[in-house]
Amino acid sequence: MKTVNQGIEKIDAMSLLTGKAVYTDDLALENCLVVKVLRSPHAFAKIKDIDLTDAMKIEGMECILTYRDVPNKRFTMAGQSYPEPSPYDRLILDRMVRYVGDPMAIAAGTSEKAVDKALKLIHVSYDLLDPVLDPDKALDHKSIIHPEADYHVNGDIGNEVKRNLCASGEFSAGDVENEFSRCCVIVDRVYHTKANNQAMMETHRSFSYPDHAGRLVICSSTQIPFHVRRIAATALDIPKSRIRVIKPKVGGGFGAKQTLVSELFPALVTMKTGKPAKMVFDRSETFTASTSRHEMKIRVRIGADKAGHILAIQMDTLSNTGAYGEHGPTTVGLSGHKAMSLYNRAKAVQFTYKVVYTNTMSAGAYRGYGATQGTFALESAVNELSDLLSMDPLQLRLKNILKSGDTVAAYYGETINSCPLPACIQKGREMIGWDRKFPFRKISPTRIRAVGAAIAMQGSGIPDIDRASARVEVQEGGFYTLMIGAADMGTGCDTILAQMAAESLGCDMDKIVVSSVDTDASPYDTGSYASSTTYVTGMAVVKACEELKRKIEAKGIYPALSASATHSSPVSPPPFMAGFSEIEMDLETGETKVVEFVGVVDCGTPINPSLARVQTEGGIVQGIGMALYEDISYNPKGKMTRDSFMQYKIPSRLDVGRVRVEFESSYEPTGPFGAKSIGEVVINTPSPAIAHAIHNAAGIYLRKLPMTAETIFMTLKEQKTAWPSVLKN
Amino acid sequence: MQITCRINNREFIREIEPDLLLIDFVRSLGFKSVKRGCDTSNCGLCTVWVDEKPVLSCSVLAARVNHRIVTTLEGLEEEAKAVGRFLAKEGAEQCGFCSPGLIMNILAMKKEFKTPTTDDIKQYLAGNLCRCSGYESQLRAIEKYFDLEGKNQ
């Protein structure tokens, strides 16, 4: 292949690298009103009154909007296809405030100074309510977080809102209790993953203005332009045809921008005033008033016979969706299905879950989307199982994992076409030097190096729901325009989709022009999330190009000749990864660093090996942050305690050792050029692989993230028996 | 108050508010390469040079550049392209939002080190956060850039 499977530079690389004005805030109109939001200082309260008299006296103030000024139509901000599985539990501004940070008033003025001053002069009186802060106590708490009569769910999600239960459900295949009775070894543990912030470098931002026809134009840093159009129409109570959404270059998303965050505030101001308006979240707001990864507590029961055959797996997840249900009912499913499916030799599996509301910031989408949490739990349990069986953990996996050709009950009954996971494990084993390094090596009287491993899978798009289209058109002079609705957020999808088009049409890359998304001009796409773009939008591009080729063969080539195609996949072929960590631990302080992380990935055919490699390296390092430092937590009153990069530490280049990535590429027959997805699977292995290495170093199992130096030290101190025995070696 | 300064070899005389930050000043003049990633001097995205030395423009008052020389990435187009080609080859720019600040510091490092070691590079650029790349591809690109620069000298 000439362009596919080549490490071609991104088509927008040089404009990004020379700092061209291509992002949302760079393009905003100069005369935009500055929009800011007054946020609740209380975790749970009902607004008695908001007095704007003093605030509106400030010169330059254009308007201040409160719950009295918004349409009374509940909606969800989750960027999902209609009908969304997430409950309609929000208003743009609600009289009830449900977390510290919930918006209470939208202020717009001609300068930031005026707006800041006005925000301080808005007087709010409240009826304080008793907040629910602990997910373990949320169910049937005497405080009901969503008592409103117009709360709405689109389908059966196991919702009992009066019990603070956002969603619940169960799945089983085989008789787990019967299988457990045959097991000679059973691990039964609870694993706890915390909320994390996506921490993309470009915070949430958008601006809006009325166009020549009086329609509302929203320009936003988003992964979901078409969902923004639909959701904004619902929230603002105007027809969808009255809204146009433009997505410029996006400074990172990782799922944070799969939910509406900033869009509705300036949009409402523009609607009310007829003027351009802009809102740029600061970093603190991005931490405290957006969406995070769902905190989950996952009980895993896993049992095997003496020979190490895993017979039964039981997982029970409690997920904390926070004050609103964005992505709550869906992320939780992945915590079970995308973990258990790895061990398809098990005779019986069972998965139960509950998703609860609490008075903390709403959770949402973050790379991995529940699979990350489930993988930490199950892979940690498998490592514990290998310990009980005194069996090499890699051997245990090779004995039990799914294979090509398997039909996997836990994976919605799908048949797996392409699974080179054994090869991924073998290659990673060699790369990390497993046989020399497992379980640990003492490198000084107080320092230990140890290795750990984990495997993971994800999906490639949401079957039958994600829908993508592409249009390719011959232009004068013999080049092609490729119109897509998928949202490049830095991942490089504009480039890899152009590569597919160039390959299909048999032309050079410079003959393909790709535009950013504009809902008035781009063909419909559900958006860039759920690892869908390469696989789903990619197929749409290939289909459109094949159709255009047929037309060219039949009619010759001339300008305006075009072809369109739409694609939706009935299956979601999983990409796979084996991850290996080598850590160095200081036994006197607990300080633990990742010296090396090896990732071996199967994403089918890598359309662009350079970009696939960087996706993997980046995902691994985010995963290392999740494993060792990143932690959203709250004070006893429900206020988030870490709301800046000063306190919420993401890895710097000094914090990670070497990251080495290789591919074991299978060929997925249902994907474009044999491709599957890459974006999400890569974040799943670091947490369990590092937890495993920590165990191998010091004999302690840490079942709660993050595994900070402090936790390691305190655990070492408590379990005095564990580490002196290690030191004797 | 009024300030006079040179930005990217052009003189600017402007009336400013005393509390205006340098980042907002240069962006208002159209130098949009300068990005804000945090509000706490942690991310390095807003790096510009004042009198050839890298500073965080979010933490410097515009008033302090009175009679001084400010350089943003727009003023280093050719140098940025030279580094950028190496980053692009690795796919290291990803979303690109942290690239201008990173390149400002790579170019500043070049003035201090002829052949920086891997450790020098990591230390010098420790204040430039990136959430997309995991830093490996940046390191590969920067090492290749300095290798070539070393050979040319």
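How many residue pairs are in polar contact between chain A and chain B? In this predicted model, the count is 27 residue pairs, both partners being at pLDDT 80 or more, and the views below go from that contact to the one between the two domains of chain B.

**View 1. The contact between chain A and chain B, with its extent and the residues that contribute to it.** The contact draws 56 residues from chain A and 52 residues from chain B, and the area buried between the two chains is about 4,200 Å², with carbon and sulfur atoms giving 55% of this value. On the side of chain A, the residues that lose the most area to chain B are A:Leu17, A:Met201 and A:Arg653, which together account for 22% of what that side buries.

**View 2. Salt bridges between chain A and chain B, with A:Glu630 and B:Arg131 as the pair shown.** Between chain A and chain B the count is 9 salt bridges, and one of them joins A:Glu630 to B:Arg131, where the closest N and O atoms are 2.7 Å apart.

**View 3. Elements of chain A on the side that touches chain B.** Helix 1 (13-17), helix 2 (24-27), helix 8 (283-288), helix 16 (609-628) and strand 27 (656-663) of chain A each supply at least two residues of this side, and helix 16 gives the most, with 9 residues. By class, the residues of chain A on the side that touches chain B divide into 23 nonpolar, 16 polar and 17 charged.

**View 4. The two domains of chain B and the area buried between them.** The domain assignment of chain B gives domain 1 (2-74) and domain 2 (76-152), and the centres of these domains, taken over C-alpha atoms, are separated by 22 Å. In this contact 16 residues of domain 1 meet 17 residues of domain 2, and the buried area is about 1,400 Å², of which carbon and sulfur atoms give 65%. B:Leu45, B:Trp49 and B:Leu73 supply 44% of the area that domain 1 buries against domain 2, more than any other three residues.

**View 5. Polar and charged pairs between the domains of chain B.** Between domain 1 and domain 2 of chain B the count is 1 salt bridge, and B:Glu52 forms a salt bridge with B:Lys111, with the closest N and O atoms 2.9 Å apart. The count of residue pairs in polar contact between these domains, both at pLDDT 80 or more, is 7. Strand 3 (residues 47-50) of chain B gives the most to the side of domain 1 that touches domain 2, with 3 residues, and this side of domain 1 has 6 nonpolar, 6 polar and 4 charged residues.

Conventions
Residues numbered from 1 in each chain as written. Chains lettered and ligands numbered in written order. Predicted model: local features only at pLDDT ≥ 70, side-chain atom pairs only at ≥ 80, totals over all residues. Heavy atoms only, no water. Domains from an automatic or database assignment. Contact = heavy atoms within 4.5 Å. Buried area = accessible area lost by both parts, 1.4 Å probe. Salt bridge = Lys/Arg side-chain N within 4 Å of Asp/Glu carboxyl O. Polar contact = N/O pair within 3.5 Å; in protein donor to acceptor, adjacent residues only side chain to side chain. Helix = DSSP H or I, 4+ residues; strand = E, 2+ residues; numbered from the N terminus. Nonpolar A, V, L, I, M, F, W, Y, C, P; charged D, E, K, R; others polar.
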